[in-house]
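The following exercises concern one protein model. Each task is followed by a solution in steps.

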Amino acid sequence: MSHRLQDAVVASGAELVDLSGCTGKRSHLLARPVVCIGRDPSANDVVLPFDTVSARHAEIHFRDGFYFLRDLKSTNGTFVDGRKISDLWEVREIRLEGGERIRFDTYEFQFRSGAGDMLKTQPPTAPARGVGPADPGSRAAQKRPAYPAREQETMLQPERCIRHKGFRATEFCQACKRAFCKYCVKQVKGRLLCGECAKA
């Protein structure tokens with residue numbers, strides 16, 4: 001990456017705001033073209049030192065004027081506004097617009113784009129299935145949709161509560177690691193727990 005583009009990334013002011021207070025910092029500036037998130041302090045820019053977070057859990061990429069969140073087949077999942085975007089069998093990514101709440105397992109952040117519409121000056125490059133972006137000039141990239149059909153369905157359909165199918169699963173039980181709607185979880189001694197785990 002050229003110094004000019006690197007400066008544009010830094011100047012954009014994009015950041016991950018730590019809503020859970022799990023990293024000891026209020027926010028993390030996305031000052032690199034690729035910012036890594038995970039448990040291993042030697043391999044990540046944002047370190048979540050918890051057993052339920054994968055060693056290399058996810059990445060945020062800046063390319064073509066946009067930010068993309070990429071889950072790296074994490075064990076306990078990556079969620080955007082309550083929707084699970086991860087898969088144990090393949091790498092997946094989604095474009096970030098700004099303001100999204102991102103959860104790595106149970107640890108929640110908010111993505112702030114900083115420069116807002118200033119970043120949205122070019123169309124996004126269609127990412128290849130699995131890993132890295134496709135060559136925007138290739139014939140295959142021009143014909144292929146931004147995400148394969150199964151990935152589109154996963155990202156566009158919010159998870160449903162396993163008890164109340166009519167409600168979105170926006171909350172996460174910190175004991176059994178299952179997703180529920182806001183009516184099925186309550187705070188017990190500083191932890192969000194479902195009804196069954198709260199009774200245990």
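How many salt bridges does the structure hold? The structure holds 9 salt bridges, a salt bridge being a side-chain nitrogen of Lys or Arg within 4 Å of a carboxyl oxygen of Asp or Glu. The model is predicted, with local features requiring pLDDT of at least 70 and side-chain atom pairs pLDDT 80 or more, while totals for chains, interfaces and linings use all residues. Residues are numbered from 1 along each chain as its sequence is written, and side-chain values use heavy atoms, with hydrogens and water left out.

**Exercise 1. Salt bridges and burial**

Task: Describe the salt bridge between Arg 70 and Glu 93, and determine whether each partner is buried or exposed.

Solution:
- Step 1. Side chains of opposite charge can pair when their charged atoms come close.
- Step 2. The side chains of Arg 70 and Glu 93 form a salt bridge with an N to O distance of 2.9 Å. This pair links distant parts of the chain, with Arg 70 in strand β6 (residues 66-71) and Glu 93 in strand β9 (residues 92-96), 23 residues apart. Strands here are DSSP runs of E of at least two residues, numbered from the N terminus.
- Step 3. Buried means under 20% relative accessible area, exposed over 50%, and partly exposed in between (1.4 Å probe, protein chains only). Arg 70 is buried at 8%, and Glu 93 is buried at 5%.

Task: Characterise the salt bridges of Arg 95 and Arg 101, then name the residues of the network that includes Arg 63.

Solution:
- Step 1. Arg 95 meets Glu 97 in a salt bridge of 2.4 Å, N to O. Arg 95 is partly exposed at 27% relative accessibility, and Glu 97 is partly exposed at 34%.
- Step 2. In the salt bridge of Arg 101 with Glu 108, the closest N and O atoms are 3.5 Å apart. Arg 101 is partly exposed at 41%, as is Glu 108 at 25%.
- Step 3. Arg 63, Arg 70 and Glu 93 are joined into one network by salt bridges that share partners.

**Exercise 2. Sheets and a hairpin**

Task: State the strand order of the open sheet of 6 strands, and identify its edges.

Solution:
- Step 1. Two strands pair if DSSP finds at least two bridges between them. The order is β2-β1-β11-β10-β7-β8, and the pairing is antiparallel.
- Step 2. β2 (27-29) and β8 (83-84) are the edge strands, each pairing on one side only.
- Step 3. Strand β1 (residues 15-18) pairs with β2 in the antiparallel sense over 3 bridges; Val 17 has Ser 27 of β2 as its bridge partner.
- Step 4. Ser 27 is buried, with a relative accessible area of 17%. The side chain of Ser 27 makes a polar contact of 2.9 Å with the side chain of Glu 15. A polar contact is a pair of N or O atoms within 3.5 Å; within protein, one must be able to donate a hydrogen and the other to accept it, and residues adjacent in sequence count only if both atoms are side-chain atoms.

Task: Give the order of the open sheet of 5 strands, and explain why one side of β4 and of β9 is left without a neighbour.

Solution:
- Step 1. The order is β4-β3-β5-β6-β9, with mixed pairing.
- Step 2. Because β4 (46-47) and β9 stand at the edges with a single partner strand each, one side of each has no neighbour in the sheet.
- Step 3. Strand β3 (residues 34-38) and β4 run parallel and are joined by 2 bridges, with Ile 37 bridged to Val 46.

Task: Describe the hairpin of β14 and β15.

Solution:
- Step 1. Strands β14 (residues 185-188) and β15 (residues 191-194) run antiparallel and are joined by 4 bridges. Val 185 stands opposite Cys 194.
- Step 2. The hairpin has 2 residues between the strands, and Lys 189 takes a positive phi near 50°.

**Exercise 3. Positive phi in loops**

Task: Compare the settings of Lys 73 and Asp 105.

Solution:
- Step 1. Most residues other than glycine have a negative phi.
- Step 2. Lys 73 has a positive phi near 60°. Lys 73 lies in the loop between β6 and β7 (78-80) and is partly exposed at 39%.
- Step 3. Asp 105 has a positive phi near 60°. Asp 105 lies in the loop between β10 and β11 (107-112) and is buried at 0%.
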